[in-house]
Amino acid sequence: MRASMAVLMLLALTARAPQAQTAQAQTTETPEQVTDRFIGAMRAADWQGMASLMHQNALKEMRQLLAGVFEAPNAGQFRQQLLGVTTVQQAQALSDTAVFAALMRMTTQDADVAELLRTAKVQVLGHVNEGADTVHVVYRMAMTINGIAITKMDVMSLARSPVGWRGLLKGDVSALAAGMRAAVQSQ
């Protein structure tokens, strides 16, 4: 159960490690190719690779949502567990990318979760346009949890950026941030 919750949390925050490419090659990638790379990076536990496929504004938004949690005076243990730092100053010094990567790393510390991600089968199905600069890529993830086959349909939203299509946050992140704030305040 813990493994499935961690996978769902990981998917809520949001794919193969990015290869060295020119900026022009990146801008010509389809939304499906970016989603495939994002899911590949997630499966390979390449958190920096995942972060590089997120939109700059999404990384900044996630950090802003979680800033109250990381900067709370009584959150030293929480900061250590999630970010690997203990002080407010250390948390503030982390880049948006480092915060994203640390959160992703934390969600898959469990060996069962890591194995589940490695063995999951993913099929990117296509995308739906929302205006000229936003798309929603639909994909199917098939996995086995405790001997039970599970298929999950999901959507990854992407927006244009100077380097091509990049991932956006899901609405679930606001709820995640609220839950973290409540946990810190109850300490």
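# Loops, sheet and helix contacts in a predicted model

Ala45 is partly exposed, with a relative accessible area of 42%, and this residue lies in the loop between helix H3 (31-43) and helix H4 (47-52). The backbone of Ala45 has a positive phi of about 60°, although the residue is not a glycine. Most residues other than glycine have a negative phi. The structure discussed here is a predicted model, and every value in this report is to be read with that in mind.

The second such case is Asn146, which is not a glycine either and has a positive phi of about 50°. Asn146 is found in the loop between E2 and E3, and, with a relative accessible area of 68%, it is exposed.

**The chain as a whole**

The chain contains 10 helices and four strands, and from the N terminus on its elements run α-α-α-α-α-α-α-α-α-β-β-β-β-α. Of the 187 residues in the chain, 45% are buried. The accessible surface of the chain comes to about 9,400 Å², and carbon and sulfur atoms account for 53% of that surface.

**The sheet**

The four strands form an open sheet in the order E1-E2-E3-E4, with antiparallel pairing. Strands E1 and E4 (164-167) stand at the edges and have a single partner strand each, so one side of each is left without a neighbour in the sheet. Direction ignored, neighbouring strands of this sheet are turned by 30° against each other on average. Strands of a sheet pair through backbone hydrogen bonds, either parallel or antiparallel. The table sets out the pairings, each with one example of bridge partners.

| Strand pair | Sense | Bridges | One pair of bridge partners |
|---|---|---|---|
| E1 (residues 121-130) and E2 (residues 134-145) | antiparallel | nine bridges | Asn129 and Val135 |
| E2 and E3 (residues 148-161) | antiparallel | 12 bridges | Val137 and Met156 |
| E3 and E4 | antiparallel | four bridges | Ala159 and Arg166 |

The connections between these strands are hairpins, taken here in chain order. E1 and E2 form a hairpin with three residues between them, and Gly131 in that turn has a positive phi of about 75°. In the hairpin of E2 and E3 there are two residues between the strands, and Asn146, whose exposure was described above, takes its positive phi near 50° there. E3 is joined to E4 by a hairpin that passes through two residues.

Glu130 gives a residue-level view of the hairpin of E1 and E2. The place of Glu130 is in strand E1, where it stands opposite Thr134 in E2. When residues up to four places away in sequence are not counted, Glu130 touches Val135 and His136. The C-alpha atoms of Glu130 and Leu158 are separated by 9.9 Å, although the two residues are 28 residues apart along the chain. How exposed is Glu130, in terms of relative accessible area? Its relative accessible area is 48%, and Glu130 is therefore partly exposed, given that the exposed class begins over 50%.

**Helix contacts that involve H8**

Helix H8 (residues 96-107) takes part in a contact with helix H5 (residues 56-70), in which the two helices pack at an angle of about 70° with their axes 9 Å apart. That angle makes H5 roughly perpendicular to H8, since angles of 65 to 115 degrees fall in this class. On the H5 side the contact is made by Leu59, Lys60, Met62, Arg63, Leu66 and Phe70, while H8 contributes Asp96, Thr97, Val99, Phe100 and Leu103. The residues of this contact of H5 with H8 divide into seven nonpolar, one polar and three charged.

Helix H6 (residues 76-83) also meets H8, and here the axes come within 8 Å and cross at roughly 85°. H6 and H8 are therefore roughly perpendicular to each other. The contact is made by Gln81, Leu82 and Leu83 of H6, together with Val99, Ala102, Leu103 and Met106 of H8. By class, the contact of H6 with H8 has six nonpolar residues, one polar residue and no charged residues. Val99 and Leu103 of H8 are thus named in the contact with H5 and again in the contact with H6.

Conventions
Residues numbered from 1 in each chain as written. Predicted model: local features only at pLDDT ≥ 70, side-chain atom pairs only at ≥ 80, totals over all residues. Heavy atoms only, no water. Axes fitted to C-alpha atoms, helices over the stretch in contact; angles between N-to-C directions. Parallel < 35°, antiparallel > 145°, perpendicular 65-115°, else oblique. Contact = heavy atoms within 4.5 Å. Nonpolar A, V, L, I, M, F, W, Y, C, P; charged D, E, K, R; others polar. Buried < 20%, exposed > 50% of the residue type's maximum accessible area, 1.4 Å probe, protein only. Areas by Shrake-Rupley, 256 points an atom, 1.4 Å probe, with all protein chains shown as cover. Pairing = 2+ DSSP bridges.
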